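Got your viewer open? Load the model shown here and keep the selection tool handy.

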Amino acid sequence: MSATPSATERPLNFSTPYLRAALVRDAVDYTVEGRTIVVNPGVTPVTIAEEFRKTIPPLSSTVLADTRIEKADALLLLRPAAEDAAVTGITEEPGWSHLADLLGPGGFPRETPLYRSPQDDINTVLFDPAYVLGERETPLDQREFNVRANLWFAPAGTDCFIHNEHDFIEVHTQVHGLGRMQRFRNQDQASLYQDVLMSPGYTTPDPFCATGPQCTYHYPMHQYRADTDCIWLAIEYHPVPRALRTLPTTLLENRS
């Protein structure tokens with residue numbers, strides 16, 4: 001990965017020898033060296049500078065090798081250890097915790113081996129959530145979101161708990177191993193109705209949620225399942241109350 005004069009690059013705070021992770025901002029003619037998972041956390045397509053010009057759509061990812069990005073407001077670059085590497089040691093890295101320890105007593109079942117990395121603040125973006133979630137055809141109501149990212153780890157065969165509570169929009173990118181995102185009618189495993197298979201470099205094509213009143217979000221019952229030892233990335237879009245907006249009003253008007 002090679003920074004250009006116009007780009008800024010820093011390691012994400014969950015970057016380790018098991019997984020090199022970096023945030024690139026304001027990239028122009030940016031070179032991606034070697035095989036790399038490239039995530040577009042923004043709302044503008046990112047163009048790959050090849051003869052047949054293709055884009056990385058908003059809130060999605062791909063695997064690139066030895067090529068260039070024409071322009072990007074922000075990129076997440078992930079270079080995990082080889083697929084046959086033992087990655088279970090990543091949970092011993094600084095800042096990793098069992099989810100039960102993060103949520104406190106009764107918040108999560110201790111017997112489910114689900115671990116989370118430190119979280120990093122990525123960016124602040126503007127978009128119409130109803131448009132991004134496919135609920136209307138044109139953007140009408142731009143809102144500001146703080147973007148945060150972290151990694152998860154679960155060993156092979158783990159069902160990571162069926163739930164439906166989030167106060168943000170979330171997408172997932174597979175980083176290591178083979179897993180799946182699943183939807184259910186209720187908290188019974190037998191109520192499964194959608195199984196989205198995920199291999200390294202794949203991001204769920206659209207967030208699972210729908211908009212609710214006053215910038216809230218409704219999720220179906222869902223979970224991540226690890227078929228093998230798995231690392232995956234979660235990118236969260238947290239709504240900023242209108243009174244606390246940090247981006248200029250002129251920027252809001254220009255993007256409306």
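This tour goes from open space to closed space, and then to a handful of residues.

Before you click, know that this is a predicted model, where local features need pLDDT of at least 70 and side-chain atom pairs count only at pLDDT 80 or more, while totals for chains, interfaces and linings use all residues. Residues are numbered from 1 along each chain as its sequence is written, and side-chain values use heavy atoms, with hydrogens and water left out.

**Stop 1: the largest pocket**

Select Leu99, Trp152, His163, Glu165 and His166. Of the 26 residues lining the largest pocket, these lie nearest its centre. Helix H1 (99–103) and the strands S11 (169–176), S16 (221–226) and S17 (230–239) are the elements that each give two or more residues to this lining. (Helices, H or I with at least four residues, and strands, E with at least two, are DSSP runs numbered from the N terminus.) Colour S16 next: with 4 residues, S16 gives the most to the pocket lining.

The volume of this pocket is about 530 Å³. How do you find empty space at all? Rolling a probe the size of a water molecule over the atoms shows where empty space is left. Here, on a 1 Å grid over the protein atoms alone, a pocket is an open set of points with protein on both sides within 12 Å along at least five of seven lines, a cavity is a set where a 1.4 Å probe fits but cannot get out, and lining residues have an atom within 4 Å of a point. Points are joined across faces, edges and corners, and the volume is the space filled by probe spheres set on them.

Now colour the pocket lining by type: you should get 14 nonpolar, 8 polar and 4 charged residues. (Nonpolar covers Ala, Val, Leu, Ile, Met, Phe, Trp, Tyr, Cys and Pro; charged covers Asp, Glu, Lys and Arg; the others, Gly among them, are polar.)

**Stop 2: the closed cavity**

How many cavities of 30 Å³ or more does the structure hold? There is 1. The largest cavity has about 50 Å³ of space in it. To see its walls, select Glu170, Val171, His172, Met181, Thr204, Asp206, Pro207, Phe208, Tyr219 and His222. S11 gives the most here, with 3 residues. By type, the cavity lining splits into 5 nonpolar, 3 polar and 2 charged residues.

**Stop 3: Thr203 and Leu59**

Select Thr203, in the loop between S13 (192–198) and S14 (210–211). Is Thr203 buried or exposed? Thr203 is buried, because its relative accessible area is 8% (buried means under 20%, exposed over 50% and partly exposed in between, with a 1.4 Å probe and protein chains only). Draw two distances from the Thr203 side chain: one polar contact of 2.5 Å goes to the side chain of Ser61, and another of 2.5 Å to that of Thr173. (A polar contact is a pair of N or O atoms within 3.5 Å; within protein, one must be able to donate a hydrogen and the other to accept it, and residues adjacent in sequence count only if both atoms are side-chain atoms.)

Thr203 is also in contact, meaning heavy atoms within 4.5 Å, with Leu59. Jump to Leu59, in the loop between S4 (54–56) and S5 (60–80). Leu59 is buried too, at 7%. Val132 is 73 residues from Leu59 in sequence, yet their C-alpha atoms are 9.2 Å apart.

**Stop 4: Asp128**

Go to the loop between S8 (120–127) and H2 (129–132), where you will find Asp128, buried at 2% relative accessibility. A polar atom of the Asp128 side chain lies 3.0 Å from the backbone nitrogen of Ala130 and one lies 3.2 Å from that of Asp141.

**Stop 5: two cysteines**

How many disulfides does the structure hold? The count is 0, with a disulfide being a pair of cysteine sulfur atoms within 2.5 Å. Select Cys215: its closest cysteine sulfur is in Cys209, 10 Å away, so that is too far for a bond. Then try Cys230, whose closest cysteine sulfur, in Cys160, is 8.3 Å away, again too far. Cys230 is buried, with 0% relative accessibility.

Definitions and conventions
Lists of a residue's contacts leave out its neighbours within four places in sequence.
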